[in-house]
Amino acid sequence: MSSTRCPESNDLAPQTKLGMFRHCISPYAQKSAAGKERRRSGWEALDPNGNGIVSLAELDRWIMQECEVGLGKRQGHEVWEYFRPSYIRAFKDAKDVHMEGGDDYVTKLEFRTCAAYLCVYAAMTDCFLLVEGGGDGLGGIKSDGEVGVRDHRISLEEWRASFPSFRYGYDGYSFAAFADLAKEDSRTADSTFLEMDLDGHGCVVLSEWCEFIKMAEIKSNSEIGAIFSRPIGPTKSSTRNSTRQSVLSHADSSTDAGSSVGSSALVAFRKIFAPYAEKTPQGLSRRKLAWSRLAPDGVRGVSLAQLKKWVSRELQRKYTKAEGRRILERLSPCCELAFEGAKDIDGDGDDNTVEKKEFRLFACYLCIYAEMVDCFLSIVKDDGQNMSPEEWGAAFPRFYNGTDGYNFAAFADLAKGGSLTAEEIFAKMDTCLMGSVALSEWCDYLKRAEIEHGTESGSALSYCKN
């Protein structure tokens, strides 16, 4: 099977289902005069009433028509139905590339990107279906030689059967998520399964599979990652003493989304909320629209409960409901921390609400504290609420060597020969002298360092009371 490296149709003969699908759809993703003309005629078919936007239902119907015209009615319908679970993912990613069409539609400007997403997600779905249900490819083969029954989820047994194909590079897809498995003996079938099983339910569903692959492509700055990359993340410094970019510049066009660090939940979270912190006309438009929904009756401030509901709704609007809940469940403490930091910054309002003038900083704090929470959870095991000295001791080398991936100012001097030991830093964080470090103590320690070092995040955090 051909590699997924490029969505161009001329690289794929229409022999497999994936090849057939790409043969029909990928010409609309090409950056060429022919591709532009193809999109012009395609958009006319997609948007016959000329309102400039298309819904998921309209996109789904158009894909079916393209497949049936390009492949014949019977085979085209079969191919359309086979990849149908992937269309909603492409649609959701494409509809937020520009703001013109609102939150629930794809615009003409987003059409080329949407076509590219359709091809990429089709490849992910094709691979998923081969692993979970058997077929003329990789997996779904049980230990007794029987082909597994298709249930739209990958079991650990099915993944173990398919894992050698991914480890040794003959799976045929060349996804970045599995590119280095042969070099990483510690990444076994079981450990990679746990990485993919985001909700811990003992199986991997399509949304988890796609999210895992997508985030790996973005982080590896691959060709597929470039398709997904948008200005959402910080540029990761090549050295520890490089100037650290804060969330205030996460959405700057000069940043490299492929360098985003942290868990997939953090990357996904920042992708949604960093644009609301931008000091740009686009950022202002986003905030105005969001605020009109948060306070439709013109009320002066909104409560923590209202803001948490908005955060949840935004996550579930962009991703699936399950993904949105999973992301919020992991990073939910950042909502309370951001609320406490942003409320009454102006000093002329209600201490228990965030006002419109404070909303941009609330969005900024969401992303800053989400990174702190994510880092804390990468250290603390078994979902503990407190960090033990042993957990910090085990994680300390990563911060000392600058390989933690977060680049907090609190640890910036360690790689320069800083004299503080793991025990001394732990003592500084343990302000309550309880022998453990709570999340609030961790965040306070990081916050003070950002302010003292004069970083952009520190400048934003210095607005906070106390």
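A salt bridge is counted here when a side-chain nitrogen of Lys or Arg lies within 4 Å of a carboxyl oxygen of Asp or Glu. The model is predicted, so local features need pLDDT of at least 70 and side-chain atom pairs count only at pLDDT 80 or more, while totals for chains, interfaces and linings use all residues. Residues are numbered from 1 along each chain as its sequence is written, and side-chain values use heavy atoms, with hydrogens and water left out.

**Exercise 1. Describe the salt bridge between E78 and K17, and say which parts of the chain the pair ties together.**

Step 1. The side chains of E78 and K17 meet at 3.6 Å, taken from N to O, and the structure has a count of 17 salt bridges by this rule.

Step 2. E78 belongs to helix α4 (residues 73–83) and K17 to helix α1 (residues 17–25), so the pair links parts that are 61 residues apart in sequence. Helices are DSSP runs of H or I with at least four residues, numbered from the N terminus.

Step 3. Both ends are partly exposed, a class that lies between buried (under 20% relative accessible area) and exposed (over 50%), with a 1.4 Å probe and protein chains only; E78 has 36% relative accessibility and K17 has 30%.

**Exercise 2. Work out how far apart in helix α2 the salt-bridge partners E44 and R40 are.**

Step 1. The side chains of E44 and R40 form a salt bridge of 2.8 Å, N to O.

Step 2. Because E44 and R40 are 4 residues apart in helix α2 (residues 33–46), about one helical turn separates them.

Step 3. E44 counts as partly exposed at 48% relative accessibility, and R40 counts as partly exposed at 38%.

**Exercise 3. Find how many disulfides the structure holds, and examine C127 and C334.**

Step 1. With a disulfide taken as a pair of cysteine sulfur atoms within 2.5 Å, a search of the whole structure finds 0.

Step 2. For C127, the nearest cysteine sulfur is that of C210, at 9.7 Å, whereas for C334 the nearest is that of C335, at 4.4 Å.

Step 3. C127 is buried at 0% relative accessibility, and C334 is likewise buried, with a relative accessible area of 0%.

**Exercise 4. Identify the residue with positive phi in the loop between α9 and α10, and state its exposure.**

Step 1. The loop between α9 (206–220) and α10 (223–228) contains N221.

Step 2. Phi of N221 is near 55°, which is a positive value in a residue other than glycine.

Step 3. N221 is partly exposed, with a relative accessible area of 45%.

Conventions:
Helices (H or I, at least four residues) and strands (E, at least two) are DSSP runs, numbered from the N terminus.
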